[in-house]
Amino acid sequence: MMRYLHTMVRVADPEAAIRFFTLLGLKETRRMENQAGRYTLIYLAADEDFRGDGEQGDAEVELTYNWPPEDGSPAEKYTGGRNFGHLAYGVDDIYETCARLQAGGVTINRPPRDGYMAFVRSPDGISIELLQKGEHKAPAEPWASMPNTGEW
């Protein structure tokens, strides 16, 4: 069983993006900042999908803001659709899902080495994130030692 989670969009100005999506009718559900990775994730959901402040919505838009480099060089510019990130789905068993996809000829671009997250691509190159529902699974082979393949 699988459930749609979110679509990720990279943004250059998080506050302008939030104003736009708020005007559209979405509200912020939660926000995460990663100092080490130098990015901020802002999740928004429509009223029907909103479950409360700090709670994951039933379906969300994830705004990803990659901070400018520490050396003062300009921030990355997103062109040619690069601002669209991926579709994300929660799955009951990340290992079974990846094994089924692989058996069907799908390349596992980012294997679930952590027992939680994997990435694959559609035939049209759309990046799909698969996330283990609930607790992470214990690392297991062949996934734990499998390298990344291509872009994800």
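**Figure 1. Lining of the second largest pocket in the predicted model.** Strand β1 contributes the most to the lining of this pocket, with three residues. The second largest pocket holds about 230 Å³ of space. Its lining is made up of 14 residues, and those nearest the centre are Leu 5, Arg 30, Gln 56, Tyr 116 and Leu 131. Two or more lining residues come from each of the elements β1 and β8. Sorted by class, the lining of the second largest pocket has four nonpolar, five polar and five charged residues.

**Figure 2. The largest pocket and the residues around its centre.** The volume of the largest pocket is about 570 Å³. A set of 23 residues lines the largest pocket, and Met 8, Arg 10, His 86, Phe 119 and Trp 152 are the closest to its centre. The elements that supply two or more residues to this lining are β1 (2-10), β2 (27-34), β3 (39-45), β4 (60-66), β5 (84-91), β7 (117-121) and β8 (127-132). By class, the lining of the largest pocket splits into nine nonpolar, seven polar and seven charged residues.

**Figure 3. Surroundings of Thr 29 in strand β2.** Thr 29 has a relative accessibility of 3% and therefore counts as buried, the cut-off being under 20%. Leaving aside residues up to four places away in sequence, Thr 29 touches Tyr 43, Leu 44 and Ala 45. Further contacts of Thr 29 are with Phe 50, Gly 52, Asp 53, Gly 54, Glu 55, Gly 57 and Glu 60.

How values were computed:
Residues numbered from 1 in each chain as written. Predicted model: local features only at pLDDT ≥ 70, side-chain atom pairs only at ≥ 80, totals over all residues. Heavy atoms only, no water. 1 Å grid on protein atoms, 1.4 Å probe; cavity = no way out; pocket = protein on both sides within 12 Å on 5 of 7 lines; lining within 4 Å. Points joined across faces, edges and corners; volume = space filled by probe spheres on them. Helix = DSSP H or I, 4+ residues; strand = E, 2+ residues; numbered from the N terminus. Nonpolar A, V, L, I, M, F, W, Y, C, P; charged D, E, K, R; others polar. Buried < 20%, exposed > 50% of the residue type's maximum accessible area, 1.4 Å probe, protein only. Contact = heavy atoms within 4.5 Å.
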